[in-house]
Amino acid sequence: MATESKASSLQTVTPASPGKRVRRRADKIFKWVSISAGGFIMVILGAVFLFLLLESYPAFVAQSQEIQGHVSFAKGMSFWQYAGVALFGTILSSLIALAISVPFAVAIALFISHYASRKFASGLGYVIDLLAAIPSVVFGLWGIRTLEPIMRPIFEWVSSVLKKPLQWWVDYVPFMGEEHGLARFDWWPLKPSLVEFTPPARNILMGGFVLAIMILPIITSLCREVFLQTPPLLEEAALGLGATRWEMIKMTVLPIGRSGIVSSAMLGLGRALGETMALLMVLSPGLAINFNIFAPGQHSTIASQIALNFPEAHPGLQRQTLIGIGLMLFALTFLVNWAARRVLAKYAEFSGANA
């Protein structure tokens, strides 16, 4: 017993081998490098936020008369009215793009991952990845020169088909009239002006189509990778129980990849919110809060307003106003990322993403 206790005490005081000391030192170095990198990112974000806040603070506290008298591009609005109009156009165009692109992206990703042959899927995936590298100014040129003439007759047809049902809705449904109902408000979408098309097709819907094409490769690539991570045993079990390929996808691939679909959609939304040149070239800008998505000269976005007016803005209140709406775009992206985190945390428990 004494010999065993003496041997154990000798083992406890035995110094660590040189290899272990080197590994521990490397672990400590890697730990502090990682912490420093994360802290550096936070410092950069904090510096950007402080710059935007300090530069735009005079615009936030300025009187409405000062903005109306000195900021010509605000069109006689106060700062908060101008910022609200630009924010509304930004959110509207991004939601239109997301509504168009997500179903197509999921369908394309499912075709690549579960329907196409391996050789064809590899080539198609490569082409989609290349689309993500096209500059936004090229999308803008293509949209205004090629896509706009194509979409113009389509918009005219949609307007002619839907305008009469919406007019009937306003005339005969209670509380929907233009005199005493919801249709008298600009923010109410279900009225004939929603689909009243005026050429050319330089409207917010056209901008949404261009944005949808721009974010389609990003969402498709991420969804494809998520769908390929589905455990093969689950797919084979579903097929072995007699499920068709679509039933197998509906029961295994989509539930497991749900959090990935949400995260890819949020990433595409972040790209759409900050897009500048494509919308600047496609849209006929306006400063209004309404849902006249087929009419030009109604909406504009924060990024396009900054790009359009900043080069000619005078130092002082004009530039401070533009930096102020830039701060609002900065805050909007943080809100989108926070919402994405909450949604992912909610779905991860049921999708197998945390397995």
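Rings of Phe, Tyr and Trp, the last represented by its six-membered ring, are taken to pair if their centres lie within 6.5 Å. With that rule in mind, please select Phe155, Phe197, Phe209 and Phe294 in this predicted model: ring pairs link these four residues into a cluster.

**The aromatic rings**

The count of aromatic pairs in the model comes to twelve. Within the cluster, display Phe155 and Phe209, which form a tilted pair with 6.3 Å from centre to centre and 45° between the planes. This pair connects distant parts of the chain, since Phe155 belongs to helix α6 and Phe209 to helix α7 (residues 204-228), 54 residues apart. Colouring by accessibility separates the two partners: Phe155 is buried, with a relative accessible area of 2%, whereas Phe209 is partly exposed at 24%.

Next, select Trp168 and Tyr172, another tilted aromatic pair, with 6.0 Å between the centres and 35° between the planes. Both residues lie in helix α6, four residues apart, about one turn of the helix. Trp168 and Tyr172 are both exposed.

**Salt bridges**

Remain on helix α6 (residues 136-172) and select Arg152 and Glu148, which are four residues apart, about one turn of the helix. Their side chains meet in a salt bridge, with 2.8 Å from N to O. Which of the two partners is buried? Glu148 counts as buried because its relative accessibility is 5%, under the 20% limit. Arg152, with a relative accessible area of 31%, is partly exposed.

The model holds four salt bridges by the rule applied here. Another of them is found by selecting Glu275 and Arg271, where the closest N and O atoms are 3.6 Å apart. Glu275 is buried, with a relative accessible area of 6%, while Arg271 counts as partly exposed at 26%. Now add Asp129, Arg224 and Glu225 to the view; salt bridges that share partners join these three residues into one network. Within the network, Glu225 and Arg224 have their closest N and O atoms 3.4 Å apart. Arg224 counts as buried at 10% relative accessibility, and Glu225 is partly exposed at 40%.

**Charges over rings**

Two further selections show an arginine placed over an aromatic ring. First display Arg245 with Tyr115: the charged end of Arg245 sits over the tyrosine ring, 5.4 Å from its centre. Then display Arg319 with Phe310, where the charged end of the arginine lies over the ring at 5.2 Å from the centre.

**The nonpolar surface patch**

Switch to a surface representation and select Phe40, Ile41, Met42, Ile44, Leu45, Val48 and Phe334. Together these residues form a nonpolar patch on the surface, with about 650 Å² of accessible area. Which helix gives the most to the patch? Helix α2 (residues 18-61) does, with six residues. Phe334 is found in helix α13 (residues 317-351). The relative accessible area of Phe334 is 42%, so this residue is partly exposed.

**The annotated span**

To close the tour, select residues 87-340, which an unreviewed UniProt entry lists as "domain: ABC transmembrane type-1". The end C-alpha atoms of this span lie 19 Å apart. In a cartoon view, the span is 71% helix and 0% strand.

Technical notes: Residues are numbered from 1 along each chain as its sequence is written. This is a predicted model: local features need pLDDT of at least 70, side-chain atom pairs count only at pLDDT 80 or more; totals for chains, interfaces and linings use all residues. Side-chain values use heavy atoms; hydrogens and water are left out. Patches are made of residues with over 30% relative accessible area and no salt bridge: like charges are joined within 9 Å, nonpolar side chains (Val, Leu, Ile, Met, Phe, Trp, Tyr) within 5 Å. Accessible areas come from the Shrake-Rupley method with a 1.4 Å probe; for residues, only the protein chains shown count as cover. Helices (H or I, at least four residues) and strands (E, at least two) are DSSP runs, numbered from the N terminus. Buried means under 20% relative accessible area, exposed over 50%, partly exposed in between (1.4 Å probe, protein chains only). UniProt positions are given in the numbering used here, feature names are shortened, and annotations may be inferred rather than shown by experiment. Rings of Phe, Tyr and Trp (its six-membered ring) pair if their centres lie within 6.5 Å; planes under 30 degrees apart count as stacked, over 60 as edge-to-face and the rest as tilted. A charge sits over a ring if NZ of Lys or CZ of Arg is within 6 Å of the ring centre and within 35 degrees of the ring normal.
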